[in-house]
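Visitor: I have a structure to look at and some basic questions. Can we go through it together?
Guide: Yes, here it is.

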Amino acid sequence: MKKILFNWKYLILFGAIILIGLYMIYSGYVFEYLNYNIQSSEDGISTENLIQMRNKFFLGNIRFDLNYSGYNGIKHRVALSTIIATIFILSTMKRRLLKYNIGRNEEYNKEMSKLKYRLSFITPIISLLMVLIILFIGIVFSSEKGIGDLWSKVYHPESIFGFIKEPHMVLVVIEMLSFIGLYIISLLSYEIVDRYDVFKGIIIIFLIYLLIPILVTYLPIKIPDIAKSMPSQLINFNNFMVTDPLEFIIPAIMYIGIAFWIRKLEDKNIEIE
């Protein structure tokens with residue numbers, strides 16, 4: 001893990017993913033700010049007042065709750081980009097393990113398992129960093145401090161989290177579940193790639209995480225059980241304020257089970273020569 005955290009190439013890669021994610025969230029506000037007409041209007045509004053209106057509009061729109069909701073709309077893209085990046089890191093480190101564990105199959109399997117477990121932390125950490133940056137921008141620069149009306153946006157009186165009245169605690173609970181969900185999805189992705197190689201694995205991952213959920217969404221006949229078993233169920237913003245805890249627990253257990261089932265298929269003690 002230290003080889004990743006202190007490798008400037010990897011840090012630049014993950015930094016670029018974060019910057020692209022922030023661009024997707026804030027670019028609209030920045031462009032509106034830059035293109036805002038601050039020339040005196042025929043209505044008698046002075047340039048000074050127009051500048052104040054522009055600044056008020058911009059500072060109001062970078063508040064936390066608004067952009068946190070925006071981030072949850074693109075979280076699956078940020079997560080998928082991070083997973084794909086770490087897949088190539090996994091592939092590189094796997095080749096090194098093969099090189100240094102010639103004839104030691106059991107040792108190789110143990111080291112590969114440790115590597116997958118450790119790499120699985122990267123995607124949820126990147127997601128958490130995104131949230132912290134959005135929170136920092138909202139608290140420091142926005143005209144509306146704090147986390148806004150996040151609680152009212154996700155609250156449901158029959159939710160399993162309906163007893164939480166403190167907005168900050170709502171955020172903590174959401175991010176804890178998101179962290180767990182992203183970790184599970186990352187681990188499953190690495191097991192798929194380790195079983196089917198990088199190219200085939202990435203295609204399967206795209207099918208599972210992007211194409212199939214889109215097809216399920218636009219099916220003429222809605223099948224709730226299938227929709228609730230999609231990977232997005234583990235990370236989507238609105239899905240955390242669910243009325244039944246099984247809506248999160250069942251997909252989590254299902255994907256953990258699939259990951260270890262794939263590992264059993266892979267754990268066949270191939271002779272490393």
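Visitor: Let's start in the middle. Which residues does Ile89 touch, leaving out those up to four places away in sequence?
Guide: Ile89 touches Ile4, Tyr10, Phe14 and Leu119. Contact here means heavy atoms within 4.5 Å.

Visitor: Before I go on, what kind of model is this?
Guide: This is a predicted model, where local features need pLDDT of at least 70, side-chain atom pairs count only at pLDDT 80 or more, and totals for chains, interfaces and linings use all residues. Residues are numbered from 1 along each chain as its sequence is written, and side-chain values use heavy atoms, with hydrogens and water left out.

Visitor: Back to Ile89. How far is it from Ile4 in sequence and in space?
Guide: The two are 85 residues apart in sequence, and their C-alpha atoms are 8.5 Å apart in space.

Visitor: Which helix holds Ile89?
Guide: Ile89 lies in helix α4, residues 64-100. Helices are DSSP runs of H or I with at least four residues, strands are runs of E with at least two, and both are numbered from the N terminus.

Visitor: Is Ile89 buried or exposed?
Guide: Ile89 counts as buried because its relative accessibility is 2%. Buried means under 20% relative accessible area, exposed over 50%, and partly exposed in between, with a 1.4 Å probe and protein chains only.

Visitor: And for the whole protein, what share is buried?
Guide: Of its 273 residues, 41% count as buried.

Visitor: How many helices and strands are there?
Guide: The protein has 11 helices and 0 strands.

Visitor: New topic: α2 and α6. At what angle do they cross?
Guide: The axes of α2 (residues 8-35) and α6 (residues 122-140) cross at roughly 45° and come within 11 Å. Axes are lines fitted to C-alpha atoms, for helices over the stretch in contact, and angles run from 0 to 180 degrees between N-to-C directions.

Visitor: Which residues make that contact?
Guide: On α2, they are Phe14, Ile18, Gly21, Leu22, Ile25 and Tyr26. On α6, they are Ile122, Ile126, Leu129, Met130, Ile133, Ile134 and Ile137.

Visitor: Last one, α8. How many of its residues are buried?
Guide: α8 is mostly covered, with 21 of its 30 residues buried. This helix spans residues 167-196. Just after α8, Asp197 takes a positive phi of about 75°.

Key. Expected span 1.5 Å × (residues − 1).
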